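Here are a few exercises to work through with the model open beside you. Try each task before you read its solution.

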Amino acid sequence: MQIRCNNCPRQCNALRSESENIGGICKSALLPKIAKVSLHNWEEPCISGTKGSGTLFFSGCSLKCVFCQNYNISQENFGKRVSTQRLAEIFREIEASGAHNINLVNPTHYFWAIEQALNIYKPKIPLVYNSGGYDLPENIKKGIFDVYLMDLKYINNETAFKYSKCDNYTDFAFNAIKAAYELQNEPIFDENGILQKGLIVRHLILPQHTNDAIKVIDWFKENTPNAILSIMSQYVPMYKAEEYKTINRQITKREYDKVLNYVSDKKLSHVYTQKRTSSDAKYIPDFNLDGIEKASF
């Protein structure tokens, strides 16, 4: 099978077959590459809970973030390709493990394969769409997923281009997040506090970009006020961050407190914040192909 792919905002018209990508920004074939399948305990509490989130880390990416902590899979494309049949089997194995949900990390460029796998097997536990926010609103509007865990990385396209080589990030992220909010505009939790349906908007604070973080909070308050806001302090300079003086360090306590104080003043209904100790490379997963050929839970 071959398609001309315009299935993400890049609209690069790449020629994608099951095993090749010609001319595409994401460098990904139609069949997905996966770097790890595991029970993940470091997501928001309503996602990881006590049993863990059944997480698939997809390889490749349509963004080119210079500070990506997962660069060896997102930019260097480390991983193993699987069929849509195998992807469906992985869904079933995660469900059997007792995980709270199935968490698809960086799924945007594999939307076609995920749809095919879900036609083979639709899990009975929540399906989490965990994306960088750079999505086509029409894909989000299909309503395939139960929980939308979406980044709002930037509040303007100038910063997006500087750090992610993307000059239309906010044009699509704003609309994609609002599309998810139209589907899930009020979080629904089970009796154990695990999110069953809803939208979480994440923002990672970058050094020297606290004013941008404050603008993100304002945007959230105006556009998705009943969703869950997750303010993240886990930034560690990785990959090519050393080439950019503004982001070649962790955020300071003063920077973080400034943002937290602003969040508090907004009196939002649902907010998560991280401890600054989260800014540690030890929390970056070991991408070792676990769980791809056979469940290892």
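A residue is called buried when its relative accessible area is under 20%, exposed when that area is over 50%, and partly exposed in between. Keep in mind that the model is a predicted one.

**Exercise 1. Decide whether Ser131 is buried or exposed, and describe its surroundings.**

Step 1: Find the residue. Ser131 belongs to strand 8, which spans residues 127-131.

Step 2: Apply the cut-off. The relative accessibility of Ser131 is 2%, so Ser131 is buried.

Step 3: List the contacts. Setting aside neighbours within four places in sequence, Ser131 touches Pro107, Thr108, Leu149, Met150 and Asp151.

Step 4: Look further along the chain. Ala173 is 42 residues away from Ser131 in sequence, and their C-alpha atoms are 10 Å apart.

**Exercise 2. Work out which strands pair with strand 7, and in which sense.**

Step 1: Start with strand 5, residues 53-58. Strand 5 runs parallel to strand 7, and four bridges join the two. Here Thr55 sits opposite Asn103.

Step 2: Turn to strand 8. Strand 8 is also joined to strand 7 by four bridges, again in parallel. Asn103 has Val128 as its bridge partner in strand 8.

Step 3: Follow the chain between the strands. Strand 7, helix 4 and strand 8 together form a β-α-β unit, and the unit is right-handed.

Step 4: Check the side chains of strand 7, residues 102-105. Ile102 and Leu104 point one way, Asn103 and Val105 point the other way, and all of them are buried.

**Exercise 3. Describe how helix 3 packs against helix 4.**

Step 1: Choose the descriptors. A pair of packed helices is described by the angle and the distance between their axes.

Step 2: Read off the geometry. The axes of helix 3 (residues 84-97) and helix 4 (residues 111-120) come within 8 Å of each other and cross at roughly 65°. The crossing is right-handed.

Step 3: Name the residues that meet. Helix 3 contributes Thr84, Gln85, Leu87, Ala88 and Phe91, while helix 4 contributes Trp112, Ala113, Ile114, Gln116, Ala117, Leu118 and Ile120.

Step 4: Sort them by type. The residues of this contact comprise nine nonpolar, three polar and no charged.

**Exercise 4. Explain why strand 1 and strand 3 are edge strands.**

Step 1: Write down the order. Three strands make an open, antiparallel sheet in the order 1-2-3.

Step 2: Count the partners. Strand 1 and strand 3 (21-22) each have a single partner strand, so each has one side without a neighbour in the sheet.

Step 3: Inspect one pairing. Two bridges link strand 2 and strand 3 in the antiparallel sense, and Leu15 faces Ile22 of strand 3.

**Exercise 5. Examine three loop residues: Asn13, Gln208 and Thr224.**

Step 1: Recall the background. Most residues other than glycine have a negative phi.

Step 2: Take Asn13, in the loop between strand 1 (2-5) and strand 2 (14-17). Its phi is positive, near 60°. With a relative accessibility of 38%, Asn13 is partly exposed.

Step 3: Take Gln208, in the loop between strand 11 (195-204) and helix 8 (210-223). Gln208 has a positive phi of about 65°.

Step 4: Take Thr224, in the loop between helix 8 and strand 12 (228-232). Its relative accessible area is 0%, so Thr224 is buried. Not counting residues up to four places away in sequence, Thr224 touches Ile177, Tyr181, Leu199, Val201 and Trp219.

Methods: Residues numbered from 1 in each chain as written. Predicted model: local features only at pLDDT ≥ 70, side-chain atom pairs only at ≥ 80, totals over all residues. Heavy atoms only, no water. Buried < 20%, exposed > 50% of the residue type's maximum accessible area, 1.4 Å probe, protein only. Pairing = 2+ DSSP bridges. Axes fitted to C-alpha atoms, helices over the stretch in contact; angles between N-to-C directions. Left-handed = near helix turned anticlockwise from the far one by under 90°. Contact = heavy atoms within 4.5 Å. Nonpolar A, V, L, I, M, F, W, Y, C, P; charged D, E, K, R; others polar. Right-handed = clockwise from strand over helix to strand, strands pointing away.
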